[in-house]
Amino acid sequence: MTIGGHFTYFVTIFLLIAGLFILIARGNLIKKLVGLGIFQTSVYLLYIAPGKLVGGTAPILADAFTVYSNPLPHVLILTAIVVGVATLALGLALVVRIRESYGSIEEDELLAADTAEAARETAALR
Amino acid sequence: MKNDLILRVIVKLFVPFILLFALYVQFHGDYGPGGGFQAGVILAAAVILYALIVGLDEARVFVPDWIVESMMALGVLLYAGVGVAGLVLGGNYLDYFVLAHEPVDGQHRGIFWVEMGVAVTVSGVMLKVFYMFAERGQDAEDDA
Amino acid sequence: MVLMAATVVVMAFSRDLFSVVLLSGVYSFLMATVMVAMDAVDVAMTEASVGAGISTVLLLGALHLCQSRESRPAHRPWLPLAVSLAVGGLLVYGTLGLPEFSDPGAPIHTHVAPRYLNEMKTEVDVPNAVTAVLASYRSFDTLGETTVVFTAGAGVVALLRRRRKDGRP
């Protein structure tokens, strides 16, 4: 294995780590969703890169070409992209509702508001 | 943005071409890159562009809520319907070979209707989600 | 690809959410360009339209509704950094076992794909291999995906539907 040959995979893994980092380390909910999106797109690259054949062409049959890149990952990733945007839409709708209920979308403030609410309820029960 | 003349003129020039491109991508999905998903998203993008520049209410006159909501469901029903048609005509669920006299023609027909169903649902959902977000923004401005 | 890595690093450390959203649009567009270089034309078209178009519009819409700037993180990000780097290290170790980039003898190219590409002319007669596989050979997956998209739309409608003041939904 050569380093040059695996460069694509290394960049993909770097993007994956970056997406994971944004997802875990940042408290703002919208930024977390953006990090999730970066994570997802790096996984798409991880699937498509092994399907490529140098010297091949796009997988559309034509008489002039004989070598094609593998169409199977393309199909799976097409589905994955559309499902990804569907989850993004749903996640953003949730964030909008959270903002309206709690007044903020920072994770720390949400956690504090929830624990305060729980403490108030247990105090009221006693 | 309603009063910016250049944007309005450009949008009125561009939107027909974008819609035409969406139809091209849909129907040429067999012969070149494209297909249902891309066509649906481009169609939704054309209407979203119109709504962004000219105004949400004007866009709602052209593509009212009931059309968008029915589009969301009709696409999935169309897809499932193609499957049931396969069952009714004697094959398996979503079997395309029985849809026409020649098996290969059946494939063409099946793929055509299936991609149509996908495009309708995808464009309906994208547009509806945009309408929901924009409507919420309008309500927030009205309340404030 | 180096450009994408740079974009992502700037995105991670920027705190103005508007610029983060725009950078995500740029990132999606760069990803689409890389995919064209990988001969994945259908995927590139979908990623460009969906990622750079619809995602950016939705994020901007949500940003307009939420109107916030990210506040200073309360904890130092050492633990998440360590976790991310550990995961990355494991993955790098995993990719060392992968076949060479663009190796025709790799398992991905010898299992089912040649059968699809070779039999397509006689069975389906549609030149676009991706459409043929998506709509014909694997159309159950596409049915599921369409249902997922519909469910997401229905979910957003359920979450964001607002009752008007006079009681009409």
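In this predicted model, buried residues account for 38% of chain C, which is 169 residues long. The secondary structure of chain C is simple to describe, with 8 helices and 0 strands. Walking along the chain from the N terminus, the order of elements is α-α-α-α-α-α-α-α. As for how chain C holds together along its sequence, take the contacts with a separation of 6 or more: 38% of them come from residues 24 or more positions apart.

One helix of chain C, H2(C), can be looked at in more detail. H2(C) has 21 residues, and at 1.5 Å a residue these should span 30 Å; the C-alpha atoms at its ends are 30 Å apart, so expectation and model agree. The buried residues of this helix start with C:Leu17, C:Val20, C:Val21 and C:Ser24, carry on through C:Tyr27, C:Ser28, C:Met31 and C:Ala32, and finish with C:Val34 and C:Met35. Because these residues cover an arc of only 160° around the axis, they sit on the same side of H2(C). Turn the helix around, and the face pointing away from that buried side carries the exposed residues C:Ser19 and C:Ala37. Past the end of H2(C) comes C:Asp39, and its phi is positive, near 65°.

Chain C also meets chain A. On the chain C side 80 residues take part, and they are in contact with 72 residues of chain A. The helices of chain C that each put two or more residues into this surface are H1 (2-13), H2 (17-37), H3 (41-66), H4 (78-95), H5 (107-110), H6 (113-123), H7 (129-137) and H8 (139-160). H3(C) gives the most, with 15 residues on the side that touches chain A. Sorted by class, that side of chain C has 57 nonpolar residues, along with 14 polar and 9 charged ones.

Chain A, the partner in that contact, comes to 4 helices and 0 strands, laid out along the sequence as α-α-α-α. The radius of gyration of chain A is 22 Å, whereas a compact globule of 126 residues would have one near 14 Å. Along the principal axes, the C-alpha trace of chain A spans about 80 × 30 × 20 Å. Buried residues make up 48% of the 126 residues of chain A. Of the contacts in chain A with a separation of 6 or more, 45% are between residues 24 or more positions apart.

That leaves chain B. Here there are 5 helices and 0 strands, and from the N terminus they run α-α-α-α-α. With a radius of gyration of 19 Å, well over the 15 Å that the globule rule gives for 144 residues, chain B is more spread out than a compact globule. Taken along the principal axes, the C-alpha atoms of chain B fill a box of roughly 60 × 30 × 20 Å. Some 42% of the 144 residues in chain B count as buried. When contacts between residues at least 6 apart in the sequence of chain B are considered, 62% of them join residues at least 24 apart.

Notes:
Residues are numbered from 1 along each chain as its sequence is written. Chains are lettered from A and ligands numbered from 1 in the order in which they are written. This is a predicted model: local features need pLDDT of at least 70, side-chain atom pairs count only at pLDDT 80 or more; totals for chains, interfaces and linings use all residues. Two residues are in contact if their C-beta atoms, placed from the backbone, lie within 7 Å. Ala, Val, Leu, Ile, Met, Phe, Trp, Tyr, Cys and Pro count as nonpolar, Asp, Glu, Lys and Arg as charged, and the others, Gly among them, as polar. The expected span of a helix is 1.5 Å times one less than its number of residues. A residue is buried if 20 or more other C-beta atoms lie within 10 Å of its own, exposed if 12 or fewer, and partly exposed in between; C-beta atoms are placed from the backbone. The arc is that of the directions from the helix axis to the C-beta atoms. The radius of gyration is taken over C-alpha atoms; the globule rule is 2.2 Å times the number of residues to the power 0.38.
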